[in-house]
Amino acid sequence: MPSSNKNIFNIDEIRKDFPILDQEINGAPLIYFDNAASTQKPKAVIDAIKSYYENDHSNVHRGVHSLSIRATDLYEASRKKVADYINANSTDEIIFTKGTTDSINLVASSLTKSIQPSDEIVITTMEHHSNIVPWQELCRRTGASLKVAPIDDNGELIIDELERLLCKDTKILALTHTSNTLGTINPIKEIITMAHHLNIKVLIDGAQAIGHQNIDVQDLDCDFYAFSGHKLYGPTGIGVLYGKEDLLNELEPYQFGGEMILKVTFDETTYNSLPYKFEAGTPNIAAAIGLGKAIEYIESINLNACVKQENVVTEYSLKKLKDLSNIKLIGNSENRSSIISFTIENIHPHDIGTILNQRGIAMRTGHHCTMPLMDFYEIPGTIRASFSFYNTESEVDEMVAALQTACEMLG
Amino acid sequence: MNMELQNLYQKTMIQHGNNPLNFGKPQEYEHTEEGFNALCGDKVNIYFRRMENKLINFSFVSVGCIVCKASGSLMTEELNNKHLENVATSIDNAMIGIHNGNLKNDFFSNDLMTLNQIKKFPSRLKCALLPWETAMRLINNMKNNAR
Ligand SMILES: Cc1ncc(COP(=O)(O)O)c(C=O)c1O
């Protein structure tokens, strides 16, 4: 293994924390390069969920009995961990949801009554379907219009064009922090400042940024920040919507029922306070606890060290891929994350995916839920390698070898 | 090299996939239908004309993978000039055969047997079936419109 890997952290030990990595697929050691779709879970997270169900499970915020109190304490402790992790002002600003998609839908649905037909909502060309469709639907319900900020061939937002789109009618700017297809990290802090000059609220889709860089919502000054637990080494079925407290207070709840109420009569219902106003029904308690544990895990191995390792593998991979003559990178942003998309001349991504899988390499091929972006590049899909801190340069070598085989076989 | 993979991407598949027959939008066609695989973004367009009781000029366009294109190529070869009465049965049998990996050459061409390998790659079944499903929809539409 190249020497640049040393002095960062002990990757062999780190890999042992992830039981799933130790297996063979089609007779070859698993190489997991699909971390943008979902990350794997450290044993600490799996154990925390198991322990919760074995020892502490009951419903939350309901009972006076010990188990209910224990479950509630664990659930709320996780909320505190999330709040601290992204530097929220208070736990009231942390809404547990099912994931990024759910978080964005929450905001888009709850805004319905406050949007006029003359209003505009701005997104960008590089958004994931889950940061497109909820806004399209909001526009359909309200008569507002959806505007799309363009990108350039390198996969970077054209900031001047974005600035031109923003106007007094713009109510919401919703954009991704990091593109799940291009790897582009958008300069969201500057963009947020720009939008705030016009009094525009900004929602950041943080699905791909969380776990791959420090997030400080107060420093960013974003109005909403959405992410999924399963992309942060936590369980599926749990996500977070961060929102500024005053904004969340103004928003209407979007689901109704138990937990989110204070008082119900048949004539009238009083909503609960934050964050419970947005958490109707019994939540995914175990997953919330798992997410808290995942954050604890990341902090224990140090996020900065993780990012460093991811950058080493990304740089190495970019260099190796650029050496292959028939490969075209889709997304060449200066400021990029550990996601690399590419196409291979005359070969469809799907065929590559099958050949990689036969060599134990898990990579995503297709449109990555960004069909409008595929239209922009006029391609049916890409092959995507997305790395985590448990990936190594020797795994990249395996990928490159498999790509070479694929070209020989299919060309 | 892994045997199963070699069986999937054997010569017939590669040839038909990289240089599909009956490929391209014909200048004249009477019937057309688009098929779409939302999972991977693959797209197929099928065209044919009807001459008396036969389907002729069967052709297709696809931005799909090798498996999808090879399947479309083999399918159009198979169905071209078929009697309208038989074509739906052929498609049905082919789809079941692809699914189960037991297409037989007493019914279909030898080349079509290459699609028997898909069964071992379940994630690719949809790619192979897309042209056939689209053709089936087109034929059903045509029949319904004729009524
Ligand atoms: C940028 C981005 N936004 C949103 C999502 C949706 O996340 P989830 O499916 O967890 O709701 C994803 C997941 O792939 C993503 O990459």
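Student: Why does F256(A) count as exposed?

Tutor: In this predicted model, F256(A) has a relative accessibility of 52%. Exposed means over 50%, so F256(A) counts as exposed.

Student: What makes Y271(A) partly exposed?

Tutor: The relative accessible area of Y271(A) is 34%. Buried requires under 20% and exposed over 50%; 34% lies in between, so Y271(A) is partly exposed.

Student: Why is the pair of F256(A) and Y271(A) called tilted?

Tutor: Their ring centres are 6.1 Å apart, and the planes meet at 45°. Centres within 6.5 Å make a pair, while an angle under 30 degrees would be stacked and one over 60 edge-to-face. The angle of 45° fits neither, so the pair is tilted.

Student: Which parts of chain A does this pair tie together?

Tutor: F256(A) lies in the loop between helix 9 (245-250) and strand 11 (261-264), and Y271(A) in strand 12 (residues 269-271), so the pair joins parts 15 residues apart in sequence.

Student: How many aromatic pairs does a search of the whole structure find?

Tutor: The search finds 18 over all chains. One of them is formed by Y233(A) and Y390(A), with 6.2 Å centre to centre and 85° between the planes. Because an angle over 60 degrees counts as edge-to-face, this pair is edge-to-face.

Student: How do you know that Y233(A) is buried?

Tutor: Its relative accessible area is 0%. Buried means under 20%, so Y233(A) is buried. Y390(A) also has 0% and is buried.

Student: Which residues form one aromatic cluster?

Tutor: The cluster consists of F9(A), F18(A), Y233(A), Y297(A), F389(A) and Y390(A).

Methods:
Residues are numbered from 1 along each chain as its sequence is written. Chains are lettered from A and ligands numbered from 1 in the order in which they are written. This is a predicted model: local features need pLDDT of at least 70, side-chain atom pairs count only at pLDDT 80 or more; totals for chains, interfaces and linings use all residues. Side-chain values use heavy atoms; hydrogens and water are left out. Rings of Phe, Tyr and Trp (its six-membered ring) pair if their centres lie within 6.5 Å; planes under 30 degrees apart count as stacked, over 60 as edge-to-face and the rest as tilted. Buried means under 20% relative accessible area, exposed over 50%, partly exposed in between (1.4 Å probe, protein chains only). Helices (H or I, at least four residues) and strands (E, at least two) are DSSP runs, numbered from the N terminus.
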